[in-house]
Amino acid sequence: MHMSNRSFIEIRQLSYHYREEAVIEKLNLDFSAGISYGIIGESGVGKTTLLRLLAGFLTPTAGQITIEGTTRTAPREKTGFLFQDLGLFPWQTAYQAIEMPLRLEKKTASERKSAVTAQLQALKIEAIKHQYPHQLSGGQKQRVALARTLITAPDLLLMDEPTSALDMMTKESIQSLMLTLQQTYQTTMVFVTHDIEEAVFLAQKILLMHQDGSIEIIENPLVETENKRESLAFYQKCIEIRQAMQRGEQL
Ligand SMILES: Nc1ncnc2c1ncn2[C@@H]1O[C@H](COP(=O)(O)OP(=O)(O)OP(=O)(O)O)[C@@H](O)[C@H]1O
């Protein structure tokens with residue numbers, strides 16, 4: 001077997017049915033290591049279902065998902081999750097939440113301390129380390145949850161609408177942070193979003209999911225652009241103008 005020829009994630013003949021409703025039918029898809037993928041598509045097409053299958057939270061009705069050569073039957077240790085319900089416990093401070101995965105891994109006190117300190121710095125949340133979730137803003141909670149996910153250095157990061165609950169400014173800062181993290185650590189990232197701009201900003205490949213569960217892969221031409229936001233604003237304007245013209249409006 002030539003491991004080097006394999007994709008990081010291979011989806012083969014994957015089907016998923018909720019009772020009689022077929023959401024995904026015989027899907028074949030490959031994900032390469034170190035690339036970020038943004039899944040977009042209309043409501044109800046099965047984006048979250050696909051993400052939950054990748055996470056190992058759902059078992060395929062048929063077919064398989066292979067990650068690093070191992071066919072998955074359960075969640076995988078090196079996969080990090082950031083799902084909408086951030087899963088922060090009300091009784092844990094930011095510091096305790098970020099430290100928790102290291103306790104589970106039986107790291108020593110000094111290993112935990114240096115790793116948590118570095119993570120607090122990387123996500124710029126040192127100032128709030130002793131606060132509880134109810135004392136934090138949405139963006140701060142998102143950072144804490146992200147820090148807790150990243151502390152185990154996942155090689156695959158799955159996120160379901162990571163910024164949908166955030167206001168514009170916080171959204172942009174979290175998106176920039178994610179882009180930096182992805183570029184620094186080359187983490188394979190798969191996220192679902194309703195926000196096309198977010199997909200274009202964060203994803204190198206955009207996976208457009210259709211009603212029949214099939215997926216179209218769109219390469220992001222903006223990936224190497226330096227001033228991404230500026231060029232996005234330009235593209236956004238073009239789209240708005242085209243839509244206005246289609247509606248027959250005066251410009
Ligand atoms: N637990 C469930 N039991 C039964 N049907 C479900 C369940 N979860 C989702 N579905 C159905 O499966 C289909 C796909 O749902 P899914 O949440 O994956 O779509 P989505 O593309 O993520 O939607 P949205 O963009 O609205 O979040 C929908 O028709 C939904 O009603």
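**Two sheets, a ligand and a few odd backbones**

Let's start at R19, which sits in the loop between β1 and β2. Keep in mind that what you are looking at is a predicted model. R19 catches the eye for its backbone: phi is near 45°, a positive value in a residue other than glycine. As a rule, most residues other than glycine have a negative phi. The side of the story told by burial is simple: R19 has 5 C-beta neighbours inside 10 Å, so it counts as exposed.

Step back into β1 and you run into a similar case. Q13 belongs to strand β1, and although Q13 is not a glycine, its phi is positive at about 50°. Is Q13 buried or exposed? The count of C-beta neighbours inside 10 Å is 12 for Q13, and 12 or fewer is what it takes, so Q13 is exposed.

Now for the sheet around these residues. β1 is part of an open sheet of four strands, ordered β2-β1-β4-β5, and the pairing is antiparallel. At its edges are β2 and β5 (70-71), each pairing on one side only. Inside the sheet, β1 (residues 9-18) runs antiparallel to β4 (residues 62-67), and five bridges join them. If you want one rung to click on, take S15, whose bridge partner in β4 is A62.

Next comes the ligand. Which residues surround the ligand? The list is Y18, E21, V23, G41, S43, G44, V45, G46, K47, T48 and T49. In terms of elements, β2 (21-31) and α1 (47-55) each supply at least two residues of that shell, and α1 gives the largest share, three residues. Sorted by class, the shell has six polar, three nonpolar and two charged residues.

On to the other sheet. This open sheet has six strands in the order β6-β7-β8-β3-β9-β10, and its pairing is mixed. Since β6 (79-82) and β10 (215-219) each have a single partner strand, they stand at the edges, and so one side of each is left without a neighbour in the sheet. From one strand to the next, the twist averages 20°.

It's worth walking along this sheet from the β6 end. β6 and β7 pair in the parallel sense over four bridges, and G80 has L157 in β7 as its bridge partner. From β7 you move to β8, again parallel, this time over five bridges; here D160 stands opposite V192 in β8. β8 (residues 188-192) in turn runs parallel to β3 (residues 36-41), with four bridges joining the two. A handy marker for that pairing is G38, opposite F191 in β8.

β7 deserves a pause. How many residues of strand β7 are buried? Five of the five (residues 156-160) are, so the strand is largely enclosed by the rest of the structure. Both faces are covered, with L156, L158 and D160 buried on one side and L157 and M159 buried on the other. The connection onward is also tidy to trace: β7, helix α5 (residues 168-185) and β8 make a right-handed β-α-β unit.

Away from the sheets, have a look at the helices. In α2 (residues 94-104), the buried residues are A94, Y95, A97, I98, E99 and L102. They pack against α3 and α4 (138-150). Just after α2 there is another positive phi, about 60°, at K106.

In α3 (residues 109-122) you'll find L120. With 21 other C-beta atoms within 10 Å, and 20 or more being the cut-off, L120 is buried. Leaving out residues up to four places away in sequence, L120 touches I125, E126, K129 and A147. The C-alpha atoms of L120 and V144 are 8.4 Å apart, for two residues separated by 24 places along the chain.

Finally, zoom out. The protein chain has seven helices and 10 strands, and of its 251 residues, 32% are buried. Take the contacts between residues at least 6 apart in sequence: 66% of them join residues at least 24 apart.

Terms used:
Residues are numbered from 1 along each chain as its sequence is written. This is a predicted model: local features need pLDDT of at least 70, side-chain atom pairs count only at pLDDT 80 or more; totals for chains, interfaces and linings use all residues. Two strands pair if DSSP finds at least two bridges between them. Axes are lines fitted to C-alpha atoms, for helices over the stretch in contact, and angles run from 0 to 180 degrees between N-to-C directions. A residue is near a molecule or strand if its C-beta atom, placed from the backbone, lies within 6 Å of it. Ala, Val, Leu, Ile, Met, Phe, Trp, Tyr, Cys and Pro count as nonpolar, Asp, Glu, Lys and Arg as charged, and the others, Gly among them, as polar. A crossover is right-handed if, with the strands pointing away from the viewer, the path from the first strand over the helix to the second runs clockwise. Two residues are in contact if their C-beta atoms, placed from the backbone, lie within 7 Å.
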